[in-house]
Amino acid sequence: MLYSHVMQDFFALFFSKFLVAIAGLIPILNPLGATPIFLSLTTSYSSEERALLARRVSVYSFCLLLFSMFIGTYVLAFFGVSIPIVRVCGGLLVAAAGWKLLNSPENTGGASEPIGSAADHARRAAELRQRAFYPLAFPFTVGPGSITVAITLGVGIHGQDAHQLAIPLGSAFGAAALSGIIYVCYRYGDRMLRLIGSTGTVVFLRLSAFILLCLGAQILWDGASGLAGEFLAAHPWQFAPTGQG
């Protein structure tokens, strides 16, 4: 009877943290909204290479979320980096990539460069591995906002109570479920490009690049606003209204 009650409490806490992780992260990760950005950045790759990228991006995203949840707070504290600084730097990265993509030559994709020798194949594989992490997994899929929320969700993960084991397990399974959703969206997103045609693809990719630029500016603004708020809180006397004499 006692064992049944303990297990009931364990699974209740597990599913609670599982749902909290998904509900807290999926609006910011927004896999469906991020799919156009993924497609616009992978137009020069074949369908097989895009599928490989989707799988690796989902794995890297899971690792980033798990890392942020479990030890993100300690890493930032060790280096003395605040969350607003993370947002400012991440916003600059996203905005710069959006600007570059917005001004890049038109490429509707569908075919990759031919690969001949083994050296060419090895070079292509290395390029895919590099791009899967940066910039596709970070900062486009798991950006500063997602990392901030993951760090927040990670508060309270480390506990001494036996029931506390449900907290990291629930959070980890939530991150795994989100990574699976990311994979499905990225893996089958190229079918949308085939439906809208060549001209629609060009328009679609340019709009995605502009949205990416706006997202970077928004993240940068959020970080700058946080820094300004911290500065005003630390130096209230400098901005206090002077009395009329």
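**Rings, a cavity and a covered helix**

Colleague: Is Phe 14 buried or exposed?
Modeller: This is a predicted model, where local features need pLDDT of at least 70 and side-chain atom pairs count only at pLDDT 80 or more, while totals for chains, interfaces and linings use all residues. Residues are numbered from 1 along each chain as its sequence is written, and side-chain values use heavy atoms, leaving out hydrogens and water. Buried means under 20% relative accessible area, exposed over 50% and partly exposed in between (1.4 Å probe, protein chains only). Phe 14 comes out at 12%, so the label is buried.

Colleague: And what does Phe 15 count as?
Modeller: The same kind of value settles this one. Phe 15 has 47% relative accessibility, so the word is partly exposed.

Colleague: How many aromatic pairs are there in the whole structure?
Modeller: Rings of Phe, Tyr and Trp (its six-membered ring) pair if their centres lie within 6.5 Å. Searching the whole structure on that basis, the number of aromatic pairs is seven.

Colleague: What kind of pair do Phe 14 and Phe 15 make?
Modeller: Planes under 30 degrees apart count as stacked, over 60 as edge-to-face, and the rest as tilted. For Phe 14 and Phe 15 the centres are 5.2 Å apart and the planes sit at 85 degrees, so we call the pair edge-to-face.

Colleague: What about Phe 14 and Phe 18?
Modeller: Both lie in helix H1 (residues 2-29), four residues apart, about one turn of the helix. Helices here are DSSP runs (H or I, at least four residues), numbered from the N terminus. An α-helix has 3.6 residues a turn, so residues three or four places apart point the same way. With 6.5 Å centre to centre and 15 degrees between the planes, this pair is stacked.

Colleague: Which residues line the largest cavity?
Modeller: A cavity is a set of points on a 1 Å grid over the protein atoms alone where a 1.4 Å probe fits but cannot get out, and lining residues have an atom within 4 Å of a point. Going by that, the lining is Ala 34, Ile 37, Phe 38, Leu 136, Phe 140, Thr 141 and Tyr 186.

Colleague: Which elements give two or more residues to that lining?
Modeller: Just match the lining to the helices. The elements are helix H2 (31-41) and helix H5 (118-141).

Colleague: How many residues of helix H6 are buried?
Modeller: H6 covers residues 144-153 and is mostly covered. Its buried residues include Pro 144, Ile 147 and Leu 153. Out of 10 residues, the buried number is eight.

Methods: 1 Å grid on protein atoms, 1.4 Å probe; cavity = no way out; pocket = protein on both sides within 12 Å on 5 of 7 lines; lining within 4 Å.
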